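Here is a friendly walk through one protein model. Have a look at the structure first, and then we'll go through its parts.

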Amino acid sequence: MAATETATGSPAVSVIVPARNEEACLGACLQSLVSQAGVAFEIIVVDDHSTDRTRQIASSFSSGEVRVIEAGALPAGWTGKNNAVTAGANAARGEWLLFTDADTIHLRGSLARSLDEAKHHGAALLSYSPEQVVESFWEKAVMPVIFAELVASFHPSQVSNPNSPAAAANGQYILITREAYAALGGHTVISACLLEDVALARNVKQSGRKIFFRYGGDAVRTRMYRSFAQLREGWTKNLALLFTSPTRLAALRALEFVLIVASLAITIATAMRGHMQPAAVAGILGLILYTMFLTRIRRAHFSWDANILALFGLPLFSYLLLRSKREHASGHVHWKGRSYSEERSLLATGH
């Protein structure tokens with residue numbers, strides 16, 4: 001179906017996958033994409049100067065299924081991803097553009113359904129927050145905490161409300177009309193932005209066009225990071241830009257962890273000494289705090305075991321927030337072997 005065209009001679013959707021050293025996940029991503037049906041589409045993989053088997057994996061698919069292009073030299077003042085997706089958009093022929101990451105898996109029929117959903121809501125931009133696959137202790141501990149904070153800061157109902165100024169998108173799945181993308185200057189006008197998904201959504205909404213944003217576990221899933229080192233580098237790049245007061249938020253979450261753990265410790269210690277009334281008071285306080293914490297975490301759509309381990313993610317989240325703020329303040333942010341200046345990244349995100 002990838003090579004099938006509409007009556008106008010162009011595919012309905014151009015799927016653009018920027019890829020920089022993605023040999024661990026690209027094959028599964030592309031297999032899930034070429035298996036889509038119900039809509040005419042093309043798939044463009046943009047090789048962003050990979051040094052591993054990324055290009056060979058993309059090229060292993062037939063030319064009718066996947067087209068592989070080069071990102072080209074990285075211009076001064078651009079981030080690597082913005083340069084790659086712009087190259088993909090320039091090569092695309094579709095009426096809609098789907099920007100999706102190489103670590104995503106697309107459920108059967110999701111492409112056609114997302115296009116229908118965007119049209120149903122009259123949206124110029126549709127974005128899904130994928131189901132987050134977590135396997136290691138570190139992923140299960142910290143990812144629910146971060147995504148619970150994201151839900152609170154970028155509530156989907158507010159983002160999708162044309163009367164609200166809230167704007168957000170998840171760069172792992174952004175479906176946008178070619179008309180809107182071209183009219184707003186696409187990624188060219190946000191070329192220096194490290195948080196390009198939110199910046200693109202902001203431009204769409206400020207233009208008066210509609211955004212539709214929701215949790216999209218029924219359409220796409222992803223495993224963002226496969227090691228603690230990747231997790232630390234990735235969230236260090238983003239967290240200080242996602243939250244307006246990272247130091248305050250870090251202090252609040254660290255305090256929440258201390259209060260919950262201290263309540264439990266006091267309950268056990270006083271009960272062992274036979275002081276049941278103080279133990280009951282401390283236990284009730286701890287239960288209330290933990291229930292409030294768990295209620296917030298459950299909104300992030302993670303498994304029960306990840307929700308439980310998320311308690312240990314609170315201090316780790318605080319550490320990552322402060323690390324992110326420190327690295328941004330140092331003037332350079334590192335991601336996938338490149339260094340980006342703080343001046344450019346903050347200017348581009350409007351902070």
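## The cavity

What you're looking at is a predicted model. Let's start with its largest cavity, where helix 3 (80-91) and helix 8 (196-206) each bring at least two residues to the lining. Helix 8 gives the largest share, three residues. The full lining is made up of K81, V85, F99, G171, I174, H187, E196, D197 and L200. Sorted by character, that's four nonpolar, two polar and three charged residues.

How much space lies in the largest cavity? About 60 Å³. If you count cavities of 30 Å³ or more, you get one.

## The seven-stranded sheet

Now for the sheets. One of them is an open sheet of seven strands, and its pairing is mixed. Reading across, the strands come in the order 3-2-1-4-8-6-9. Strand 3 (67-70) and strand 9 (211-215) are the edge strands, each pairing on one side only. From one strand to the next, the twist averages 20°.

To see one pairing in this sheet, look at strand 6 (residues 125-129) and strand 8 (residues 173-177). These two run antiparallel and are joined by three bridges. Within strand 8, I176 is the residue that stands opposite L125.

## The three-stranded sheet

There's also an open sheet of three strands, in the order 5-10-7, again with mixed pairing. Why is one side of strand 5 (104-106) and of strand 7 (131-132) left without a neighbour in the sheet? Both strands stand at the edges with a single partner strand each, so there is nothing in the sheet to flank the other side.

Strand 5 pairs with strand 10 (residues 220-222) in the antiparallel sense, over three bridges. Here you can find H106 standing opposite V220 in strand 10.

## Salt bridges across the chain

The whole structure holds 18 salt bridges. One of them joins K81 and D101, whose closest N and O atoms are 3.0 Å apart. This pair links distant parts of the chain: K81 belongs to helix 3, while D101 is in the loop between strand 4 (96-100) and strand 5, 20 residues apart. You've already met K81, as it also helps line the largest cavity. Are the two partners buried or exposed, or somewhere in between? K81 counts as partly exposed because its relative accessibility is 27%, whereas D101, with a relative accessible area of 15%, is buried.

Another salt bridge brings together the side chains of E139 and R223, at 2.8 Å from N to O. E139 sits in helix 5 (residues 137-153) and R223 in the loop between strand 10 and helix 9 (228-242), so their contact ties together parts that are 84 residues apart in sequence. Both ends are tucked away: E139 is buried with a relative accessible area of 4%, and R223 counts as buried at 15% relative accessibility.

## A salt bridge within one helix

Not every such pair reaches across the chain. E256 and R253 both lie in helix 10 (residues 246-272), three residues apart, or about one turn of the helix. Their salt bridge has its closest N and O atoms 3.3 Å apart, and both residues are buried.

Which residues are linked with R253 and E256 in a network of salt bridges? E149 and R296 are, giving a network of E149, R253, E256 and R296.

Technical notes:
Residues are numbered from 1 along each chain as its sequence is written. This is a predicted model: local features need pLDDT of at least 70, side-chain atom pairs count only at pLDDT 80 or more; totals for chains, interfaces and linings use all residues. Side-chain values use heavy atoms; hydrogens and water are left out. Two strands pair if DSSP finds at least two bridges between them. Helices (H or I, at least four residues) and strands (E, at least two) are DSSP runs, numbered from the N terminus. On a 1 Å grid over the protein atoms alone, a cavity is a set of points where a 1.4 Å probe fits but cannot get out, and a pocket is an open set with protein on both sides within 12 Å along at least five of seven lines; lining residues have an atom within 4 Å of a point. Grid points are joined across faces, edges and corners, and a volume is the space filled by probe spheres set on the points. Ala, Val, Leu, Ile, Met, Phe, Trp, Tyr, Cys and Pro count as nonpolar, Asp, Glu, Lys and Arg as charged, and the others, Gly among them, as polar. Axes are lines fitted to C-alpha atoms, for helices over the stretch in contact, and angles run from 0 to 180 degrees between N-to-C directions. A salt bridge is a side-chain nitrogen of Lys or Arg within 4 Å of a carboxyl oxygen of Asp or Glu. Buried means under 20% relative accessible area, exposed over 50%, partly exposed in between (1.4 Å probe, protein chains only).
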